[in-house]
There are 2 protein chains.
Amino acid sequence: MFTLSVGDVAAASGVASSAVRFYEQHGVITAVRTAGDQRRFDEGAACRIRVAKVAQRVGLTVREIAEIFAGLPDDPQPADWGQVADTLIAEAESRTAALKSYLNDMQSAGRLCEIDL
Amino acid sequence: MFTLSVGDVAAASGVASSAVRFYEQHGVITAVRTAGDQRRFDEGAACRIRVAKVAQRVGLTVREIAEIFAGLPDDPQPADWGQVADTLIAEAESRTAALKSYLNDMQSAGRLCEIDL
DNA sequence: GCTTGACTTAAACATATGTTGAACGCTCAG
DNA sequence: CTGAGCGTTCAACATATGTTTAAGTCAAGC
């Protein structure tokens with residue numbers, strides 16, 4: 001059911017209306033249009049935006065997030081969301097692992113940044 | 001010893017010369033100047049840039065990275081770098097934990113994004 | 001000491017992620 | 001049915017993260 005206006009989703013997700021339009025333009029959320037050309041979102045939109053904001057904090061771009069969400073079917077089931085969650089977490093952990101690995105290598109090489117042998 | 005030119009650091013760190021200047025402007029690395037006003041970096045500069053690139057991937061901004069590096073003394077010892085590494089990893093893990101927590105709450109609430117009760 | 005390749009700055013350009021403003025249209029409560 | 005409060009688009013602005021270009025300077029080997 002697509003019943004929520006831009007302002008409704010903005011209020012529900014804690015971002016500005018302009019950001020809601022931005023996320024729609026970039027495929028993070030989708031909308032239908034009223035006869036008068038206004039956007040109408042379903043309940044999932046605010047949730048997707050909140051997920052997107054947290055995902056951005058771990059280094060994912062809006063494009064990457066939209067691509068991950070693009071895997072969701074029209075009427076996602078809990079299992080579908082579980083898969084999205086797993087993908088997001090795997091990506092975050094992979095990046096953190098790369099950071100740890102790099103820092104660890106750096107230190108175990110006994111060749112730290114500023115140590116000029 | 002500040003002996004490396006912009007090009008040297010660019011080659012050693014795998015970024016463009018313009019990026020090396022950018023990172024210096026933003027405090028990720030520091031330089032001294034020759035009599036002819038050219039930048040000279042120490043060996044640590046390339047390493048800092050490589051760390052910065054990996055840290056950017058986990059969502060840290062250049063400003064945040066520069067602030068973390070700002071805690072380093074003039075001649076950092078391994079322990080100083082260990083502290084920087086710990087700070088970076090803690091930040092990455094904190095953000096990943098926030099992501100996991102949000103996704104987990106979402107699912108355990110039985111109220112997934114698209115499930116419109 | 002000259003030449004050539006690398007360096008300098010400044011500004012413009014490019015992309016990502018939004019916000020703001022102007023000018024105008026839709027909707028819904030009274 | 002009307003008007004106040006939303007919504008619409010488009011363009012300009014703002015910040016972050018760089019790259020490119022132009023015009024000019026430096027440095028290092030021959």
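## Protein–DNA and chain A–chain B contacts

Helix α2(A) gives the most to the surface near DNA strand C, with 4 residues; near means that a heavy atom of the residue lies within 4 Å of the strand, and helices are DSSP runs (H or I, at least four residues) numbered from the N terminus. This is a predicted model, in which local features need pLDDT of at least 70, side-chain atom pairs count only at pLDDT 80 or more, and totals for chains, interfaces and linings use all residues. Residues are numbered from 1 along each chain as its sequence is written, and side-chain values use heavy atoms, with hydrogens and water left out.

DNA strand C is surrounded by 20 residues, the closest being A:S18, A:Q56, B:S5, B:G7 and B:R39. Sugar or phosphate accounts for 85% of the strand C atoms within 4 Å of the protein, and bases for the rest. The table lists polar contacts (N or O atoms within 3.5 Å) to phosphate oxygens.

| Residue | Part of residue | Distance to a phosphate oxygen of DNA strand C |
|---|---|---|
| A:Y23 | side chain | 2.9 Å |
| B:R33 | side chain | 3.2 Å |
| B:R39 | backbone | 2.7 Å |

Between the protein chains, 38 residues of chain A are in contact (heavy atoms within 4.5 Å) with 38 residues of chain B. The buried area is about 3700 Å², 66% of it from carbon and sulfur atoms; this is the accessible area (1.4 Å probe) lost on putting the two parts together, summed over both. The interface has 2 salt bridges, counted when a side-chain nitrogen of Lys or Arg is within 4 Å of a carboxyl oxygen of Asp or Glu. One of them joins A:K100 and B:E93, with the closest N and O atoms 2.5 Å apart.

How values were computed: Chains are lettered from A and ligands numbered from 1 in the order in which they are written. A polar contact is a pair of N or O atoms within 3.5 Å; within protein, one must be able to donate a hydrogen and the other to accept it, and residues adjacent in sequence count only if both atoms are side-chain atoms. Helices (H or I, at least four residues) and strands (E, at least two) are DSSP runs, numbered from the N terminus.
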